[in-house]
Amino acid sequence: MDRESMSNEENYCFDVGGYLIVRGALKRKEIEACNEALDQAGQIDGMLGWPAPLREPFRDLLIHPVLVWYLNQICGYGFRLEEEPQLIGEVAGNVGVPLVGGNEPRDPARTYYHQNDRRECQGVRAIWALADVNEGDGGFVMVHCSHKSNVETPQDVLTGEDDMGLTVQPVLQAGDLLLVADTVLQGMQPWKGKGRQRLLSYEYAARGVIRAKGTGPKVQEDPSADELTPEERAVLYKPGYESTTPPPTVGSDGERTWLEDRSKIIHPSIYIKDPNSNIDEKEFYFWDLSGYLVVPNVMTPEDLELANEAIDRFEDRIVVGGELSGGSKSLVGTGRPTLGGLINLPKPYCEPFRRMVAHPAVVHRLNWMGASGFRCGGPTAFCAVKGTSGHSLHDANEPLNASRGYVFQNGRSYCEAITVTWQLRDVNEDDGGFACVPGSHKAQYRLPQGVRSCDDHMGLVVHPVMKAGDVLFFMDGAQTHGALAWTNDIPRRGMLIKYSSRNFNRSGGEMVQPENRWGNLIDGMTDAQLAVMRGPDRDAHHGNVPRLIVEDGKVNASYERTRALYSRETPTEPLAKESR
Ligand SMILES: [Fe+2]
């Protein structure tokens, strides 16, 4: 490889999605060598030990330069083979069993670590495609971003009984290399492809990981000393042997110790799940995993009809705003039409919109998503017509934006800005409208330009399909989101309500002004002093104005703006009366 490190796109994809597809990693000759050896041997595993020359193509893959280059960066230098290669799928009989993986409870020997731009993924599965896998072929499936899930995987998602639309089957060409974080939920579905299924899986682990035992004769030896008590022997165990894999479990009540069945792991928590929380656990899982949630069928047919009638009746008040594709080729189009002031329409037309703002289905969920005390400015109708531009994707967890971010801690969702969108019309697969990057609310790398524009989205962008009457919640500010260009002859009817948490201001207001907040106290203050006497205002990353700058030991107020959004109350020039 002639690059020093993975591109931001590659880092972003593995960080957000938990996987990376390296296209065309194998040359035709290499693919043929593997396939011919497999045909000749007629076996699905043990290939590293097959008689020469049959084993050679698989020993080559074990340390293939493309693989080594990526694993050095993803797993860390010194990574090692954890499990021998094998063909997976129908031939291995591992089809249709529940998915494995997920990040709750955490398994430190498998999980994904990331801090300060450094990553160590403790387990990575490398799957070599030795034949094409087309859309709908079945075979290997995974749940994107589940390597960072904070919530236990619901049983229905594991079994596929109700996968909540989360399982994805990657499309591969012969020669592609799929790298998957070990804690990504994954499994095998029945093969429906026309061609043969040839997926060869190698399991790697970081240098220090202890998991499976080896297969050599020494593994069967017992290295423990005899003269100790069983509990003492258990604590002095040496890893890597049959007798110590999994390791012994020693129980204790604080008074005495005893040996438990070694398949049991003791790791108590000081918390227990709250059966009275009134949270739907599947919804919480989906929310934490994806950064959005669609709740079906919330509106009554009467409200749906009246709300649609209201938009029809006041259509002439629709204002066409700016074109928002941001230079994207795929999102380009005309300006975005919106209709505001819906809660102030004459009766009865305002009524369905007034019922939206504090609807029980919304309040109930906002309370667990970000705590009570939230507020909003009422709904705005997004009425894109055929040809209306998309809105290039924006916002993310990186860079950090505390006032609109997402944190999960001790069983709680702390989301500081949530937008709720009521659908007055169906949104079909190809219509356009809301789109987002599931998992981006936990991203540690910057949003790549190709994902922002959707021109090269790497399969990370999702466009949820919805029905009239459904309600969408999304992490506005934490999650990367935007809209696809509208393509349906029937215009979009999404009613957006932006909720802010009790903890942060997002929109200025008169109490931002120093004199409104402090009265006479500020009389005669300098600009630098006034800069710190303002009330809470919108947090515009580092570009907040006015802000204090120290130069040559002197403190000055800066009013220089960046490209961020500011409230109307944000000044652009000095405020102090004497300096005007
Ligand atoms: Fe937005």
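This is a short walk through one protein model, from its overall build to its sheets, its iron site and its cavities.

Let me begin with the whole, and with the caution that what you see is a predicted model and should be read as one. The protein has 580 residues, of which 47% are buried, and its chain forms 13 helices and 27 strands. If you take the box along the principal axes, the C-alpha atoms fill roughly 85 × 60 × 55 Å.

I will turn to the sheets now, starting with one that draws on the early part of the chain. Five strands make up this open sheet, in the order β1-β8-β5-β10-β2, and they pair in the antiparallel sense. At its edges stand β1, residues 19-22, and β2, residues 80-88, and because each of them has a single partner strand, one side of each is left without a neighbour in the sheet. From one strand to the next, the twist averages 15°. The partner of β2 is strand β10, residues 199-205, and the two are joined by six bridges and run antiparallel; within that pairing, Leu-81 has Tyr-204 of β10 as its bridge partner.

If we follow the chain on from β10, we enter the loop that leads to α6, residues 230-235, and in this loop we find Gln-220. Is Gln-220 buried or exposed? Its relative accessibility is 55%, and since the cut-off for an exposed residue is over 50%, Gln-220 counts as exposed. Its C-alpha atom is separated by 5.5 Å from that of Glu-242, a residue that stands 22 residues apart from Gln-220 along the chain.

The next sheet is the one I would like you to keep in mind for the metal. Three strands form it, again as an open sheet with antiparallel pairing, in the order β18-β24-β22. The edge strands here are β18 and β22, the latter covering residues 433-436, and each of these pairs on one side only. The twist in this sheet averages 35° from one strand to the next. Between β22 and β24, which run antiparallel, there are four bridges, and Gly-433 has Leu-484 in β24 as its bridge partner.

Which protein atoms serve as donors to the iron ion? They are the NE2 atoms of His-394 and His-481, which lie 2.1 to 2.2 Å from the ion. The two histidines come from distant parts of the chain, 87 residues apart, with His-394 in strand β18, residues 391-394, and His-481 in strand β24, residues 481-484. For His-481 the relative accessibility is 5%, and because buried means under 20%, His-481 counts as buried.

A hairpin further along the chain from β18 deserves a moment as well. Strand β19, residues 406-409, and β20 pair in the antiparallel sense over four bridges, and in that pairing Tyr-406 stands opposite Cys-415. Two residues lie between the strands of this hairpin, and Asn-410 takes a positive phi there, near 45°. As general background, side chains in a regular strand alternate between the two faces of the sheet. Along β20, residues 412-415, we can see this alternation, with Ser-413 and Cys-415 pointing to one face and buried, whereas Arg-412 and Tyr-414 point to the other face and are not buried.

That brings me to the empty space inside the model, where there are two cavities of 30 Å³ or more. The largest holds about 80 Å³ of space. It is lined by 14 residues, and those closest to its centre are Arg-336, Ala-384, Ser-389, Ala-483 and Arg-492. By kind, the lining of this largest cavity divides into seven nonpolar, five polar and two charged residues.

The second largest cavity holds about 60 Å³, and its lining includes Cys-415, which we have just met, together with others such as Leu-366, Gly-370, Ala-371 and Tyr-499. Which elements each supply at least two residues of this lining? They are α10, residues 360-370, β21, residues 417-423, and β25, residues 494-500. The residues of this second lining divide into seven nonpolar, three polar and one charged.

Let me close with α10 itself. Its buried residues are Ala-361, Val-362, Arg-365, Leu-366, Trp-368, Met-369 and Gly-370. In general terms, an α-helix has 3.6 residues a turn, so residues three or four places apart point the same way. After α10 comes Ala-371, whose phi is positive, near 80°.

Technical notes
Residues are numbered from 1 along each chain as its sequence is written. This is a predicted model: local features need pLDDT of at least 70, side-chain atom pairs count only at pLDDT 80 or more; totals for chains, interfaces and linings use all residues. Side-chain values use heavy atoms; hydrogens and water are left out. On a 1 Å grid over the protein atoms alone, a cavity is a set of points where a 1.4 Å probe fits but cannot get out, and a pocket is an open set with protein on both sides within 12 Å along at least five of seven lines; lining residues have an atom within 4 Å of a point. Grid points are joined across faces, edges and corners, and a volume is the space filled by probe spheres set on the points. Ala, Val, Leu, Ile, Met, Phe, Trp, Tyr, Cys and Pro count as nonpolar, Asp, Glu, Lys and Arg as charged, and the others, Gly among them, as polar. Donors are N, O and S atoms within 2.8 Å of the metal (3.2 Å for Na, K and Ca); water is not among the atoms, so sites may look incomplete. Buried means under 20% relative accessible area, exposed over 50%, partly exposed in between (1.4 Å probe, protein chains only). Two strands pair if DSSP finds at least two bridges between them. Axes are lines fitted to C-alpha atoms, for helices over the stretch in contact, and angles run from 0 to 180 degrees between N-to-C directions.
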